[in-house]
Amino acid sequence: MVKATINKEHYACSVTNGSHDIVIDEPIELGGTHKGFAPKGLLMASLASCVAITLRMYVDRKGWEVQKIEVVVNMGIENAQNIFLEEITCTGNLTDEQKQRLEDIAAKCPVSKILTAGNEVRSTVL
């Protein structure tokens with residue numbers, strides 16, 4: 001469960017999962033106060049961090065020498081559809097075959113699976 005609360009301040013939302021709190025906001029040019037990630041930025045952050053964690057788990061399990069994993073995510077539009085563009089940099093000693101395997105594993109992270117599956121959002125106003 002995640003709960004977002006917004007008052008009259010444009011457009012800063014307090015978000016909690018009961019254990020951790022963050023602020024989500026819009027940039028100033030969109031009328032916000034720029035106090036935190038914009039919603040789409042947080043979505044990209046969720047994907048980037050999930051890929052990084054998934055890859056770290058995999059390389060550790062395989063015993064591969066990777067000191068650092070960086071994942072940069074941008075969003076674009078192709079053929080009238082949103083597309084997430086990931087650039088993954090692994091600092092270490094990897095073969096081309098290992099890099100290809102990591103590309104395959106990146107697509108299997110839980111957030112990537114959610115974003116690429118057909119999903120539905122149901123809203124109820126109380």
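This is a short walk through one chain, from its overall layout to a few single residues.

A word of caution to start. What you see is a predicted model.

Let's take the layout. The chain has 3 helices and 5 strands. Read from the N terminus, the order is β-β-β-α-β-β-α-α. The radius of gyration is 18 Å, while the globule rule gives 14 Å for 126 residues, so the chain is more spread out than a compact globule. Along the principal axes, the C-alpha atoms fill a box of roughly 55 × 35 × 30 Å. And burial? Of the 126 residues, 25% count as buried.

Now the salt bridges. How many does the structure hold? The count is 3.

Start with Glu9 and Lys35. Their side chains meet in a salt bridge, at 2.5 Å from N to O. This pair links distant parts of the chain, with the two positions 26 residues apart in numbering. Glu9 sits in the loop between β1 (3–6) and β2 (13–16). Lys35 sits in the loop between β3 (21–24) and α1. Glu9 has a relative accessibility of 38%, so it counts as partly exposed.

Next, Asp60 and Arg56. Here the side chains meet at 3.0 Å, N to O. Where do these two residues lie? Both are in helix α1, 4 residues apart, which is about one turn of the helix. Asp60 is partly exposed, because its relative accessible area is 48%. Arg56 is partly exposed too, at 26%.

Then Lys68 and Glu70. Their closest N and O atoms are 3.5 Å apart, and they form a salt bridge. Lys68 has a relative accessible area of 43%, which makes it partly exposed. Glu70 is partly exposed as well, with 40%.

Let's stay with helix α1 for a moment. The helix covers residues 39–62, and Arg61 is in it. Is Arg61 buried or exposed? It counts as exposed, because its relative accessibility is 64%. Arg61 also belongs to a positive surface patch. The other members of that patch are Lys62, Arg101, Lys108 and Lys113.

Lys40 is another residue of helix α1. Its relative accessible area is 56%, so Lys40 is exposed. Now look across to Asn74. Lys40 and Asn74 are 34 residues apart along the chain. Their C-alpha atoms are separated by 9.9 Å.

Last topic: the backbone. Three spots deserve a look.

Go back to the loop between β1 and β2, where Tyr11 is found. The peptide bond from His10 to Tyr11 is cis, and omega is near -15°. Glu9, from our salt bridge with Lys35, is in that loop as well.

Move on to His34, in the loop between β3 and α1. Its phi is near 55°, a positive value in a residue other than glycine. His34 is exposed, because its relative accessible area is 54%. Lys35, the salt-bridge partner of Glu9, is also in this loop.

And finally Asn79. Which loop holds it? Asn79 is in the loop between β4 (66–78) and β5 (81–92). Its phi is positive, about 50°, although Asn79 is not a glycine. The relative accessible area is 74%, so Asn79 counts as exposed.

To recap: the chain is more spread out than a compact globule, and it holds 3 salt bridges. The positive patch includes Arg61, and the cis bond runs from His10 to Tyr11.

Notes
Residues numbered from 1 in each chain as written. Predicted model: local features only at pLDDT ≥ 70, side-chain atom pairs only at ≥ 80, totals over all residues. Heavy atoms only, no water. Patch = residues over 30% accessible without salt bridge, like charges linked within 9 Å, V, L, I, M, F, W, Y side chains within 5 Å. Areas by Shrake-Rupley, 256 points an atom, 1.4 Å probe, with all protein chains shown as cover. Salt bridge = Lys/Arg side-chain N within 4 Å of Asp/Glu carboxyl O. Lys, Arg positive; Asp, Glu negative; His and termini not counted. Charge placed at Lys NZ, Arg CZ, Asp CG, Glu CD. Buried < 20%, exposed > 50% of the residue type's maximum accessible area, 1.4 Å probe, protein only. Rg over C-alpha atoms; globule rule 2.2 N^0.38 Å.
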